[in-house]
Amino acid sequence: MSHQKVRNVMSTDVVTVREGTPFKDVVRALSSRDVSAVPVVDRDGHVLGVVSEADLLIKQGTQEVEFTRSLMSWWSGRRNLRRAVATTAATLMTTPAITVSDNATVAGAARLMTQHNVKRLPVVDADGKLVGIVSRKDVLAVFLRKDEDIRDDIVTHVFERGLGIAVNPATVTVDVHDGEATLTGQLELKSQIGLVEDMTRHIDGVVDVVVSMEYRRDDTHGHLPDPMTIDITRP
């Protein structure tokens, strides 16, 4: 399927800090680049953790830690106390960092952001070294693709390569307007209709899919052959 890779949309100009970077220098790094989080890396460029604005605000605010019977509440309180007295990136950072491979799809990066409720992800190569950063804005950029580019991908990846069908007015037509794809025409099998819709929805930039297609044969109610009868009485 047509999925852009993270390396195609990420920013490569990334501000980073080291474990020993002082608190105020971390704040300056965030402020100077107008970003909400900064990766903490070792001297080889491996990502050790991330310091976010939320981590820094714990030091500014006054928080009362309630020690309850809940282990989660107790551990959360411990972490907040540690950050409240932190003076370097090593004690401020959230670790391990949630990272994404530069070879991952943009859709995969979006799922990670949603799952972990983060605004940006450090991007690493096969060796785990930082090569960029991808933000929500970068991920959403796929929906700004031109309609003609989306249509070309549907024609190529769904019909020609996926089903081996040539798209022309006599068989199948594909129209895309503001990211909404409309598919019309006739397919050989009924089961192909659902497949076409699912594949089209996975094309980068597709907002919605409308399928108005007919089929020549219904292959969804096939009969299984009768089971073989084996005579176990014969030697």
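Which residue of β4 does Ser101 stand opposite? Select Ser101 in this predicted model and look across to strand β4, where Val124 stands opposite Ser101. Residues 120-124 make up β4, and two bridges join this strand to β3, the two running parallel.

Widen the selection to the sheet around that pair. The open sheet has three strands in the order β3-β4-β5, with mixed pairing, and its edge strands, each pairing on one side only, are β3 (100-101) and β5 (130-135). Next add residues 106-116, which form helix α6; this helix lies across β3, β4 and β5 and runs at about 130 degrees to β4.

Now move along the chain to strand β6, residues 172-177, and show its side chains: Val172, Val174 and Val176 belong to the covered face, whereas Thr173, Asp175 and His177 belong to the uncovered one. Add β7, residues 180-189, which is antiparallel to β6 and joined to it by six bridges; within this pairing, Thr184 of β7 is the residue opposite Thr173. Where the two strands turn into one another, the hairpin has two residues between them, and Asp178 there takes a positive phi near 55 degrees.

From the covered face of β6, keep Val174 selected and add Ile154, Phe159, Leu183 and Leu187, since these are the residues with the most contacts inside the largest nonpolar core, which has 21 residues. At least two residues of this core come from each of α8 (147-163), β6, β7, α9 (191-201) and β8 (208-217), and α8 gives the most, with six. In soluble globular proteins, nonpolar side chains tend to be buried together.

Centre the view on Leu183 to see how these elements meet: beyond its neighbours within four places in sequence, Leu183 is in contact with residues including Ile154, Phe159, Val174, Val196, Thr200 and Val211. For a second, separate core, select Val15, Val17, Leu30 and Val51, which are among its 14 residues.

Return finally to α8 and α9, whose axes lie 10 Å apart and which pack at an angle of about 140 degrees, in a right-handed crossing. On the α8 side, select Ile154, His157, Val158, Phe159, Gly162 and Leu163, and on the α9 side Gln192, Leu195, Val196, Met199 and Thr200, which they meet. Coloured by class, this contact shows seven nonpolar and four polar residues, and no charged ones.

Key:
Residues numbered from 1 in each chain as written. Predicted model: local features only at pLDDT ≥ 70, side-chain atom pairs only at ≥ 80, totals over all residues. Heavy atoms only, no water. Buried < 20%, exposed > 50% of the residue type's maximum accessible area, 1.4 Å probe, protein only. Helix = DSSP H or I, 4+ residues; strand = E, 2+ residues; numbered from the N terminus. Pairing = 2+ DSSP bridges. Core = buried A, V, L, I, M, F, W, Y, C linked by side-chain atoms within 4.5 Å. Contact = heavy atoms within 4.5 Å. Axes fitted to C-alpha atoms, helices over the stretch in contact; angles between N-to-C directions. Left-handed = near helix turned anticlockwise from the far one by under 90°. Nonpolar A, V, L, I, M, F, W, Y, C, P; charged D, E, K, R; others polar.
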